[in-house]
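Thank you all for coming; I would like to walk you through one chain this morning, beginning with its core and then moving outwards along the strands. Please have the sequence and the model open while I talk.

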Amino acid sequence: MQSIGKMLFRTRAAIPLVLFVLFASAIPAFAQSDTGQIDIAVTDASTKAPVALARVLLDGPIVASELTGTNGQVRFTEVPDGIYRARVAKNGYQVITSSAFEVVNGRYVSVNVVLALSTSLKVIGTVTAHSYASVSSSTIGPDSAQRKLSNDLADALNKLSGVSVSTTGDDSDATQTVSLEGHDASQTLLTLDGIPLNAPGSAGNLGAFATD
C-alpha cells in the first residue's frame, strides 16, 4: 500500500508540468502577424543563368539554411523583424555574404546574389569578377512621388518596377490583384499592419479595402 501511494503522488505531481509544456508551446502563435518574407535569387556572374543547389544561410534573429531550386531561388517565410545577412556558397564559386538588410513590420525583402566562378578550366583571357549581393525594398507613403501622381494606392503600386496590379473591371466591385516580378498573383502576400489579407496560394484583393 505504501508503494502504491507513492506512485499516485508522483503521477499527480507530473500533471502540472505537462500542462505547462503544452501551454508554453502555444505562445509563439500570437507573434505570427509580426513576421515578414525574404526572397533570395542566385545567378551566375558570367551566364546570368539561375544557380541551382546553392547553399543559402540566413543569419539574423533566426538562423536558417536552404538550397536554391532549379530557378535559383529560395524563400524564407514568417521571419521575425530584425537585421539579417545572407551567406551563399556553391562548389566552384566564390562564397559571398550580403550586406545587412532589415525586415520590419512584416516587410517583403528581395535579395539578388550574383556568384562568380572561383576557377576556370580553360584560360583564354583574364577577367576579374567578384560576387556581390543587392537588396531591394520599396515603400510608398503619402509623400511618395508615385502616390502624388496616382488616384489611389493600386495605381501607385502599379508604377513600381516589378509590380503589376490587374483589375477585373471598371465597376466598384472589381477585383484588384498584385503580382511581383512576373510571378502569379497567388504567390504575393498582402498584409495590413502585419496582418495577412490573403491565404497562402490565393490571390489577395486590393479592392477589399479602401486603397484611396
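Let me begin with a definition: a nonpolar core here is a set of buried Ala, Val, Leu, Ile, Met, Phe, Trp, Tyr and Cys residues joined through side-chain atoms within 4.5 Å, where buried means under 20% relative accessible area, exposed means over 50%, and partly exposed is what falls in between, using a 1.4 Å probe and protein chains only. Please keep in mind that this is a predicted model, in which local features need pLDDT of at least 70 and side-chain atom pairs count only at pLDDT 80 or more, while totals for chains, interfaces and linings use all residues. Residues are numbered from 1 along each chain as its sequence is written, and side-chain values use heavy atoms, with hydrogens and water left out.

With that in place, the largest nonpolar core has 21 residues, of which I38, I40 and V42 touch the most other members. The elements giving two or more residues to this core are β1, β2 (55-59), β4, β5 (82-89), β7 (101-103) and β8 (108-115), and β8 supplies the largest share, four residues. Apart from this core lies another, of nine residues, among them A154, L157, L160 and V178.

I have been using strand numbers, so I should say that helices (H or I, at least four residues) and strands (E, at least two) are DSSP runs, numbered from the N terminus. By that count the chain has three helices and 13 strands, and buried residues make up 30% of its 212 residues. A contact means heavy atoms within 4.5 Å, and among contacts between residues at least 6 apart in sequence, 45% join residues at least 24 apart.

Which residues does I38 touch, leaving aside those up to four places away in sequence? The partners of I38 are L58, V74, R75, F76, V79, Y84, F101, V103, V109 and V111.

One of those partners, F101, is found in strand β7, and F101 is buried, with a relative accessible area of 5%. Again not counting residues up to four places away, F101 touches I38, L58, G82, I83, Y84, R85, A86, V109, V111 and V135. F101 and S136 are 35 residues apart in sequence, and their C-alpha atoms are 9.2 Å apart in space.

Turning to the sheets, two strands are taken to pair if DSSP finds at least two bridges between them. An open sheet of four strands has the order β4-β1-β8-β9, with mixed pairing. Because β4 (73-80) and β9 (132-136) stand at the edges with a single partner strand each, one side of each is left without a neighbour in the sheet. Within this sheet, strand β1 (residues 35-44) pairs with β4 in the antiparallel sense over seven bridges, and G36 has V79 of β4 as its bridge partner.

Q37 also lies in strand β1, and although its side chain is polar enough to make a polar contact with the side chain of D39 at 3.3 Å, Q37 is buried, with a relative accessible area of 11%. A polar contact here is a pair of N or O atoms within 3.5 Å; within protein, one must be able to donate a hydrogen and the other to accept it, and residues adjacent in sequence count only if both atoms are side-chain atoms.

Next comes β2, and here a general point helps: in a regular strand the side chains alternate between the two faces of the sheet. Along β2, V56 and L58 point to one face and are buried, whereas R55, L57 and D59 point to the other and are not. β2 pairs in the antiparallel sense with strand β3 (residues 63-67) over five bridges, and a hairpin of three residues joins β2 to β3. L58 has A64 of β3 as its bridge partner. β2 also pairs with β5, again antiparallel and over five bridges, with L57 standing opposite R87 in β5.

Finally, how many of the five residues of strand β11 (residues 176-180) are buried? Five of the five are buried: Q176, V178 and L180 point one way from β11, and T177 and S179 the other way. Strand β10 (residues 163-167) runs antiparallel to β11 and is joined to β11 by five bridges, with S164 standing opposite S179.
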